[in-house]
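Reader: I am a first-year student, and I would like a close look at the charged side chains here. Please go slowly and show me which ones pair up and what lies around them.

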Amino acid sequence: MLPPILTKKEADRIISKKEGAASLSLDLGISSATVLIKDGFVNIQKQKIPLSALQKIKEKTCYILEDNIPKQIAFFSDETSLYYKLLPTQNWPTITLSSTPMHRYSTILPKKDTELKIKEISPVKGIVLDTCCGLGYTAILSSKNAEKVYTFEKDKNVLRIAEFNPYSKELFSNEKIEIRQKNIFEEISQFEDSFFDRIIHDPPTFKYSPELYSREFHAELYRVLKKGGILYHYCPCPQKTKERKFYPKIVKQLRGVGFKKVEYHAESSGVRALKF
Ligand SMILES: C[S@@+](CC[C@H](N)C(=O)[O-])C[C@H]1O[C@@H](n2cnc3c(N)ncnc32)[C@H](O)[C@@H]1O
């Protein structure tokens, strides 16, 4: 069982209640729970947390309760020099890598963001390649109708954060999903030609993973996709680069390696492409 999670929203509810029972969620909104507040402490699943500790809970941060203390689901890695954090939203949380979010969460929430991506490769069927696992949302949603999903994540720190996320739980329990903690750029060559029915390519920004936008990698995506298969390629569109429009380069490159009917769809902020 995952440890209880609190955000500022739940902390404020407990603090304002002061005494007695408070209803809230301890799993970022999946289920509801009742906690008891008494004599300056709140009792949460056998833990006794001083209300003074809840006052220190910050906005835009998730906390797990461990040894009667709220601890941030966030850490710095010396190995990657990145700061990893689970960021709450109105529904599914996102993960930030040194403040860069891995899902859209302001104009559109991560849940909808993921649903739009999966819609692009619908009907989902057969064997799916999910190139970039992150919190596992694309892997989990595509597994609903796929036979098997191979999902790759090169950064173990991301998977460590996912382990705390109640919305990522199925990533680790669903037998149709195979997580490979590997770099997809290096590993894709191991798959036979025409191995996948669907590919969902959801890379971070170009700055983080330029290799995942290379012609070499796009050619590999084409090689491993079956005839009749569908590729969805997310195209990050940060405010600053909006004017420069990044997606036409991706469209051109995908056409260049053989993809057909290559179209940019603004709603999902990505490119859908077919292999004939
Ligand atoms: C935008 S997020 C993916 C979000 C994910 N699809 C989800 O549903 O949560 C991109 C992820 O790709 C990972 N990544 C970056 N380069 C990679 C590579 N070469 N191979 C595998 N994973 C990579 C990053 O660590 C990050 O977690």
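**Charges and their partners**

Author: Let us begin with a head count: the protein chain carries 45 positive and 33 negative side chains, and the centres of these two sets are 5 Å apart. Lys and Arg are counted as positive, Asp and Glu as negative, while His and the chain ends are left out. Each charge is placed at NZ of Lys, CZ of Arg, CG of Asp or CD of Glu.

Please keep in mind that this is a predicted model, in which local features need pLDDT of at least 70 and side-chain atom pairs count only at pLDDT 80 or more, whereas totals for chains, interfaces and linings use all residues. Residues are numbered from 1 along each chain as its sequence is written, and side-chain values use heavy atoms, with hydrogens and water left out.

Now for the pairs. Across the whole structure, a search finds 15 salt bridges (a side-chain nitrogen of Lys or Arg within 4 Å of a carboxyl oxygen of Asp or Glu). Start with Lys71, which has two partners to look at. With Glu66, its closest N and O atoms are 3.1 Å apart; with Asp67, the closest N and O atoms are 3.9 Å apart. How covered are these three residues? The scale calls a residue buried under 20% relative accessible area, exposed over 50% and partly exposed in between, using a 1.4 Å probe and protein chains only. Glu66 is partly exposed at 33%, and Lys71 is partly exposed as well at 31%. Asp67, at 60%, counts as exposed.

Between these partners sits Asn68, in the loop that joins β6 (63–66) to β7 (69–72). Helices (H or I, at least four residues) and strands (E, at least two) are DSSP runs, numbered from the N terminus. Asn68 is not a glycine, yet its phi is positive, near 65 degrees. Its relative accessibility of 34% makes Asn68 partly exposed.

Next, find Arg223 and Asp193, whose salt bridge brings the closest N and O atoms to 2.7 Å. This pair links distant parts of the chain, 30 residues apart: Arg223 belongs to helix α8 (residues 215–224), and Asp193 lies in the loop between α7 (184–187) and β15 (196–201). Asp193 counts as exposed, with 51% relative accessibility. Elsewhere, Arg104, Asp113, Lys117 and Asp202 are joined into one network by salt bridges that share partners.

Two members of that network lead us to helix α3 (residues 110–120), where Asp113 and Lys117 are among the buried residues. The others buried in α3 are Pro110, Thr114, Leu116, Ile118 and Glu120. What lies over them? The cover includes β10 (94–97), α4 (137–143), β15, β16 (225–234), β17 (260–265) and β18 (270–274), where contact means heavy atoms within 4.5 Å. A general point helps when you turn the helix on screen. An α-helix has 3.6 residues a turn, so residues three or four places apart point the same way.

Follow the chain onward and you meet Pro123, in the loop between α3 and β12 (127–130). The peptide bond leading from Ser122 to Pro123 is cis, with omega near -5 degrees.

Finally, step back to the whole chain. Buried residues make up 51% of its 276 residues, and Asp113, Lys117 and Glu120 of α3 are charged residues among the buried ones.
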